Number of protein chains: 2
Amino acid sequence: MAEKVTIYDISKKLKISAATVSRALNNNPKISEKTRELVLKTATEMNYKQNRLAQALKSGRTNNVGVIVPFINRSFFSSVIRGIEEELSPHGYHVIICQTHEDVNNEIKQIDTLLNTQVDGIFMSVAKTTQDTTHIQKALAENTPLVFFDRKKDVKGLSSVVIDDFKGGYLATKHLIEQGCKKIAHFSGDLNVEIYKNRRQGYLKALKDNGITPLKRFSLPVNSKLESGTSAVKDLWKFDEKPDAIFSSSDYAALGAIQELRQMGIKIPEEVCVVGFSNEPFTKYMELPITSVDQTPFEMGKIAAQVFLEQIEGSKTLTIEKKVVLTPELYIRDSSNRKL
Amino acid sequence: MAEKVTIYDISKKLKISAATVSRALNNNPKISEKTRELVLKTATEMNYKQNRLAQALKSGRTNNVGVIVPFINRSFFSSVIRGIEEELSPHGYHVIICQTHEDVNNEIKQIDTLLNTQVDGIFMSVAKTTQDTTHIQKALAENTPLVFFDRKKDVKGLSSVVIDDFKGGYLATKHLIEQGCKKIAHFSGDLNVEIYKNRRQGYLKALKDNGITPLKRFSLPVNSKLESGTSAVKDLWKFDEKPDAIFSSSDYAALGAIQELRQMGIKIPEEVCVVGFSNEPFTKYMELPITSVDQTPFEMGKIAAQVFLEQIEGSKTLTIEKKVVLTPELYIRDSSNRKL
DNA sequence: TAATTTAGTGTAATCGATTACAGCAAAATC
DNA sequence: GATTTTGCTGTAATCGATTACACTAAATTA
């Protein structure tokens, strides 16, 4: 029941050609006012709905975009996706989501199927393990705009929206120094990943700018797990010279560290200040709220979407390569606020 | 460059008809082994990619499904979506996401555009304000399977996957009683929303089953905000007879309550036990981890997807109306664990 | 009045893949 | 040797909307 009504049904009913119906519906100026009104009226009467598939096939535009992320239920990614959706939805685009589970092979597959379904654009945050970029270049080859966000690769012709991780690391470290900390440890993520490398660089620069010589032993890699933070603290506190602050590239590791420090009876922020990264929702809810660097994911999504729109609405031949860098925001909370 | 290769390009190159190419690619048994191999070889050589749009137009199936939720960056919803994606992706489906911002008007629009783009199915959690269901019936009229999850409406012919909110409320309350609590307050959400109503019913039943007469004053509505919990506690503690436990339908309100109670110097769980609902990520990270009812969102998504697959892969004429009810899980943590 | 412009509509091809039907050659049967 | 069957391939219509081009009648101009 409720068979789909096509322009042919309308054309038959009104005894005019389907072309005229199509033109009337598209407000083509060549159509007489009388016919247009008749067609529009009949269309609503018959409950006509445009078949966007047919239109897409003809025009080559689906009004769909794809978003590729490691996991959609990570707070950061879901917020970016929300930003993208809210910016593009008013323009008539739909957002298709894909997960890579941090696996390059999935990334390759996802790009392939997205290109197959003729999405008008792709947004992606690459998997941690991604090195080679030939799968990404495919999008370029097929003339499908691709915009990186957060985790990018340097591919000529592709735009990206990221935060200034260097600055994030710098801000966090500078803040700790301002609190009077001098022996600042750093939990970095996998240094093969650009963002973690940059955060560490920012950390080092801030130390240098303030005449502090970084201790190699104070800089250690963690993953985004609580336990990783607790064991890192254990390692650090084995030595005589203890840190008086921790800047962690992960909020989870920061939380783990805090738990372990409290366990050891160490006062936060009096004895040790702690700063995390990402501004995960839980950081502000803690009894001891954790200072963290916010990556403005919602903003990031919106801006990535805008970059895409610029590209798609600009001339087709011209490819834009835009590199947007957002400034992260430090949310200072009790875990590092000595209230000087 | 890299113009898209069609079956016509292959047919021209091999000097055979496009029909033969199509059949060869689809493993039609009528095609000779020799031709099939030749076509497949040439297809990969020429980097042929099927145009899923054309196929969709012909077959009437897009292999896209839509998911409609209030907000995608809520932990619960993004986890459900992940479940749906991971279940459907292996079957070749893509997931399109839509947000309603808890507004029925958006819901109506979203359903309309999804049906326009010919999705093969729709998953949705209705907005809080939704009463009328005519927009939902449209999907039914167009023969597009629609599966509700979590927040459903009773529409004949539509399936749903929800948790047993009654049981969730019952479990939480029973647990509090087992901890020795006798004066248990309840923070309910908007009682016009089915799930909140059911949780409250569960609460009341547990009290009744244990011979406790519910105090009307102990049951008060909150929204999902921290402040809502703090002010509710203030209200409750104005009276002489204080509660010795709180079962909150919202983790946020539970957290607000805990903060306020601590402010007032009240010991948790010794003097007052607190249980939340939803098992938001932050509940387990707190210094005083919060007991909460888990809604198994990932599971819920997977099962909703399975219900959809059953329906779509079954006979077209037969509509299945399946009502799946998942059992929630109580995660007992320090906020209510008196370690008897 | 004849020639030209203009406004409005129709015809038919197109986007790319699928498939009912037709057709033809080789193999099998009588 | 004639007929039927089998195996494989081609022709053309189809999904629904769009649009270049053609065309007709009315309006305008010469």
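## The sheet in chain B

In this predicted model, chain B contains an open sheet of 6 strands in the order β7-β6-β8-β9-β10-β12, with mixed pairing. The edges are formed by β7 (219-221) and β12 (329-331) of chain B; each has a single partner strand, so one side of each has no neighbour in the sheet. Neighbouring strands are turned against each other by 20° on average, direction ignored.

One pairing in this sheet can be followed in detail. Strand β8 (residues 245-248) and strand β9 (residues 273-278) of chain B pair in the parallel sense over 3 bridges. B:Phe247 has B:Val275, in β9(B), as its bridge partner.

## Helices on the sheet

Helix α8 (residues 165-178) of chain B packs on the sheet and touches β6 (184-188), β8, β9, β10 (291-294) and β12 of chain B. The direction of α8 makes about 165° with that of β9(B).

Helix α10 (residues 226-236) of chain B also packs on the sheet, where it touches β6, β7 and β8 of chain B. Between the direction of α10 and that of β6(B) the angle is about 140°.

## The annotated domain in chain A

UniProt, in an unreviewed entry, lists residues 5-59 of chain A as "domain: HTH lacI-type". Over residues 5-59 the chain is 67% helix and 0% strand. The C-alpha atoms at the two ends of this stretch are 20 Å apart.

## Around DNA strand D

DNA strand D is surrounded by 24 residues, and the closest are A:Ile7, A:Tyr48, B:Thr20, B:Thr35 and B:Lys58. Of the atoms of strand D that come within 4 Å of the protein, sugar and phosphate account for 58%. The nearby surface receives at least two residues from each of α1 (7-14), α2 (18-25) and α4 (52-59) of chain A, and from each of α2 (18-25) and α4 (52-59) of chain B. By residue type, this surface divides into 9 nonpolar, 10 polar and 5 charged.

Some polar contacts with strand D involve phosphate. An N or O atom in the side chain of A:Ser22 is 2.9 Å from a phosphate oxygen, and for the side chain of B:Thr35 the corresponding distance to a phosphate oxygen is 2.5 Å. A base is also involved: a polar backbone atom of A:Ala54 is 3.3 Å from a base nitrogen of strand D.

## Around DNA strand C

For DNA strand C, 25 residues surround the strand, and the closest are A:Thr20, A:Thr35, A:Lys58, B:Ile7 and B:Tyr48. Sugar or phosphate makes up 58% of the strand C atoms within 4 Å of the protein, and the rest belong to bases. Here α2 and α4 of chain A, together with α1 (7-14), α2 and α4 of chain B, each supply at least two residues of the surface. The residues of this surface divide into 9 nonpolar, 10 polar and 6 charged.

Strand C also has polar contacts at phosphate and at a base. A backbone N or O atom of A:Ser32 lies 3.3 Å from a phosphate oxygen, and an N or O atom in the side chain of B:Gln55 is 3.2 Å from a phosphate oxygen. A polar side-chain atom of B:Lys58 lies 3.2 Å from a base oxygen of strand C.

## Backbone details in loops

The peptide bond from A:Ile268 to A:Pro269 is cis, with omega near 5°. A:Pro269 sits in the loop between α11 (251-263) and β9 (273-278) of chain A. In chain B, the peptide bond from B:Ile268 to B:Pro269 is cis, with omega near 5°, and B:Pro269 is in the loop between α11 (251-263) and β9 of chain B.

A:Glu102 is a residue other than glycine with a positive phi, near 60°. A:Glu102 is placed in the loop between β2 (94-99) and α6 (104-116) of chain A.

Note on methods:
Residues numbered from 1 in each chain as written. Chains lettered and ligands numbered in written order. Predicted model: local features only at pLDDT ≥ 70, side-chain atom pairs only at ≥ 80, totals over all residues. Heavy atoms only, no water. Near = heavy atom within 4 Å. Polar contact = N/O pair within 3.5 Å; in protein donor to acceptor, adjacent residues only side chain to side chain. Helix = DSSP H or I, 4+ residues; strand = E, 2+ residues; numbered from the N terminus. Nonpolar A, V, L, I, M, F, W, Y, C, P; charged D, E, K, R; others polar. Pairing = 2+ DSSP bridges. Axes fitted to C-alpha atoms, helices over the stretch in contact; angles between N-to-C directions. Contact = heavy atoms within 4.5 Å. UniProt positions renumbered as here; feature names shortened; annotations may be inferred.
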